Amino acid sequence: MIERILPSAVVSADTTADLCDGPLFPEEEALIGRAVGKRRREFESGRACARRALGRLGVPPVAVTAGPRGEPLWPEGVVGSITHCAGYRAAAAGSLRSVGGIGIDAEPNTPLPDGVLTSVASPGERDQVGLLAGLEPGVRWDRLLFSAKEAVYKVWYPLTGRPLDFEDAEIAFGRNGVFSARLLVTGGPVTGFTGRWHAAGGLLLTAIVMRPLPAGRAGAS
């Protein structure tokens, strides 16, 4: 499903059920520790999707470990992103020769818990959510806004090594499943992103795929 909003330069793998292609690598097992149940199944499925996506790039099975903030660490020359929510797991990857960064997110098409929208959205974004909810009530725009901001973070942090708060990106939804993100922080290699979104099967999916940055503009990895 996630492939619907990804360009041809990006490969992906997804599943609506738990997925395990074999034991985790020892480095991955160290990350998950004593976790059991839902958390372990999500992690195993996400890594299985990641290896399937990497295989479509011609990369043999390798450990996909994690950085200081839990971000997946991909093999040299590859960028990617992993997401999971109830009933869905996905991974996307691309070569640094053609892709500068990837951020994907999946969320259930259900309302955010009470109070969350106020904490993650600006007044203008909340007005936008209210307007769009009246025009297209089948989409939970508050949750979609949250998902878009998650995708922004997932592409921003590996690019810069800098955290980003919800209020640091202003999201605007356009027509035909497109959104833009204006960054309200300074000193980064980019000032914003353009992404795509899709709603189907009770899910909301968002994706941002960056073009490679010109030489000298790349951020910290």
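**Close-up 1. Cys20 and Cys49, two cysteines that stay apart.** In this predicted model, Cys20 is partly exposed, with a relative accessible area of 49%. Cys49, by contrast, is buried, and its relative accessible area is 0%. The sulfur of Cys20 has its closest cysteine sulfur in Cys49, and the 11 Å between them is too far for a bond. Since a disulfide needs the two sulfur atoms within 2.5 Å, it is no surprise that a search of the whole structure finds 0 disulfides.

**Close-up 2. Helix α2, the home of Cys49, and what covers it.** Helix α2 takes in residues 37-56. How far apart should the ends of its 20 residues be? At 1.5 Å a residue the helix should span 28 Å, and the end C-alpha atoms are 29 Å apart, so the two values agree. Many residues of α2 are buried, among them Arg40, Phe43, Arg47, Cys49, Ala50 and Leu54. The list of buried residues also includes Glu42, Ser45 and Arg51. What covers the buried residues of α2? The cover includes β1, α1 (26-32), β2 (65-66), β3 (72-73), β4 and β5. Just after the helix comes Gly58, which takes a positive phi of about 85°.

**Close-up 3. Leu24, a loop residue touching α2.** Look for Leu24 in the loop between β1 and α1. Is Leu24 buried or exposed? Its relative accessible area is 14%, so Leu24 is buried. Setting aside residues up to four places away in sequence, Leu24 touches Glu29, Ile32, Arg40, Phe43, Glu44, Arg47 and Arg51. Of these partners, Arg40, Phe43, Arg47 and Arg51 are themselves buried residues of α2. Leu24 and Val62 are 38 residues apart along the chain, and their C-alpha atoms are separated by 9.8 Å.

**Close-up 4. Strand β5, enclosed on both faces.** All 8 of the 8 residues of strand β5 (residues 88-95) are buried, so the strand is largely enclosed by the rest of the structure. On one side sit Tyr88, Ala90, Ala92 and Gly94, and on the other Arg89, Ala91, Ala93 and Ser95; both faces are covered.

**Close-up 5. The pairing partners of β5.** Which way does strand β1 (residues 11-15) pair with β5? The pairing is antiparallel and runs over 5 bridges, with Val11 standing opposite Ala93. Strand β4 (residues 78-85) also pairs with β5 in the antiparallel sense, over 8 bridges. Here His84 stands opposite Arg89. The hairpin of β4 and β5 has 2 residues between the strands, and in it Gly87 takes a positive phi near 85°.

**Close-up 6. Asp142 and its link to Leu112.** Asp142 belongs to helix α5 (residues 141-160). With a relative accessible area of 10%, Asp142 is buried. What does the side chain of Asp142 reach? It reaches the backbone nitrogen of Leu112, at 3.1 Å. Leaving aside neighbours within four places in sequence, Asp142 is in contact with Pro111, Leu112, Leu117 and Val129.

**Close-up 7. The annotated span, residues 101-189.** An unreviewed UniProt entry gives residues 101-189 the annotation "domain: 4'-phosphopantetheinyl transferase". In the model this span is 43% helix and 21% strand, and its end C-alpha atoms lie 12 Å apart.

Conventions: Residues are numbered from 1 along each chain as its sequence is written. This is a predicted model: local features need pLDDT of at least 70, side-chain atom pairs count only at pLDDT 80 or more; totals for chains, interfaces and linings use all residues. Side-chain values use heavy atoms; hydrogens and water are left out. Buried means under 20% relative accessible area, exposed over 50%, partly exposed in between (1.4 Å probe, protein chains only). Helices (H or I, at least four residues) and strands (E, at least two) are DSSP runs, numbered from the N terminus. Two strands pair if DSSP finds at least two bridges between them. The expected span of a helix is 1.5 Å times one less than its number of residues. Contact means heavy atoms within 4.5 Å. UniProt positions are given in the numbering used here, feature names are shortened, and annotations may be inferred rather than shown by experiment. A polar contact is a pair of N or O atoms within 3.5 Å; within protein, one must be able to donate a hydrogen and the other to accept it, and residues adjacent in sequence count only if both atoms are side-chain atoms.
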